[in-house]
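Student: Please take me through one part of this model closely, and then place that part in its surroundings. I would like the criteria behind each term as we go.

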Amino acid sequence: MPTVINRNEIANYIGHQAAPTEWHQINQQQINQFAECTLDHQFIHVDEEKAKATPFGSTIAHGFLSLSMLSHFAEEFSVIIDGFYMGLNAGFDKVRFLQPVTVNSRIRAHAKTLSIEEKKPGQFRLSTEVTIEIEGCDTPALVAEWISVQMVK
């Protein structure tokens with residue numbers, strides 16, 4: 001569940017580390033569906049037989065699939081300002097893919113609120129550092145600084 005805060009509490013949530021999200025298993029069907037949506041059918045993602053001969057030993061999720069999972073995980077880790085009625089994705093200041101996610105791996109997100117600024121009345125810009133952890137792996141799948149905008153009544 002997101003953490004709902006009042007405007008007068010914003011300063012208290014800079015540096016807020018959310019609890020890790022629930023685990024999500026990346027399966028071959030999800031990888032294939034992502035390949036269809038993005039038209040990225042590189043064999044390492046969709047050809048299970050050829051992928052066995054790679055250093056990974058199996059297919060791997062697209063890096064952008066792992067990144068796109070932030071939208072799913074945000075439902076758990078977000079800090080939401082009371083009166084929120086709409087959110088916008090404003091992009092990323094940094095994205096680094098550090099470790100491939102092999103098929104059937106479980107991932108989850110860790111998030112830290114870096115900043116919250118009211119840019120215009122009722123429009124708040126949030127910067128969140130997000131790390132996608134792979135279960136049983138010391139190196140994360142990715143680290144990103146995600147920028148979002150919350151529209152607040």
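Tutor: The protein has 4 helices and 7 strands, where helices (H or I, at least four residues) and strands (E, at least two) are DSSP runs numbered from the N terminus. Along the sequence their order is β-β-α-α-α-α-β-β-β-β-β, and the C-alpha atoms occupy a box of roughly 55 × 30 × 25 Å along the principal axes. The model is predicted, so that local features need pLDDT of at least 70 and side-chain atom pairs count only at pLDDT 80 or more, whereas totals for chains, interfaces and linings use all residues. Residues are numbered from 1 along each chain as its sequence is written, and side-chain values use heavy atoms, with hydrogens and water left out.

The part to look at is α4 (63–77). Its 15 residues should span 21 Å at 1.5 Å a residue, and the end C-alpha atoms are indeed 21 Å apart; the expected span here is 1.5 Å times one less than the number of residues. Even so, α4 bends by about 35° at Ser71, the bend being the angle between axes fitted to the seven residues ending at a residue and the seven starting there.

Burial comes next. Within α4, the buried residues are Leu65, Ser66, Leu67, Met69, Leu70, Phe73, Ala74 and Phe77, where buried means under 20% relative accessible area, exposed over 50%, and partly exposed in between, with a 1.4 Å probe and protein chains only. An α-helix has 3.6 residues a turn, so residues three or four places apart point the same way. Over the whole protein, 40% of the 153 residues count as buried.

Two of these buried residues, Phe73 and Phe77, are also among those with the most contacts inside the largest nonpolar core, a group that further includes Ile26, Val101, Ile107, Val130 and Ile132. A nonpolar core is a set of buried Ala, Val, Leu, Ile, Met, Phe, Trp, Tyr and Cys residues joined through side-chain atoms within 4.5 Å, and this one has 24 residues. At least two of them come from each of α1 (28–38), α4, β5, β6 and β7, with α4 giving the largest share, 7 residues.

The helix also takes part in open space. The largest pocket has a volume of about 300 Å³, and Ala74, Ser78, Trp146, Ser148 and Gln150 are the closest to its centre among 21 lining residues. On a 1 Å grid over the protein atoms alone, a pocket is an open set of points where a 1.4 Å probe fits, with protein on both sides within 12 Å along at least five of seven lines, and lining residues have an atom within 4 Å of a point. Besides α4, the elements that each supply at least two lining residues are β3 (79–81), β4 (84–97), β5 (106–120), β6 (123–134) and β7 (142–152).

The second largest pocket holds about 190 Å³, and of its 15 lining residues Ala61, His62, Gly63, Phe97 and Pro100 lie nearest the centre. Here α4 again supplies the largest share of the lining, 3 residues. Thus α4 contributes to the lining of the largest pocket, to that of the second largest, and to the largest nonpolar core.

Key:
Points joined across faces, edges and corners; volume = space filled by probe spheres on them.
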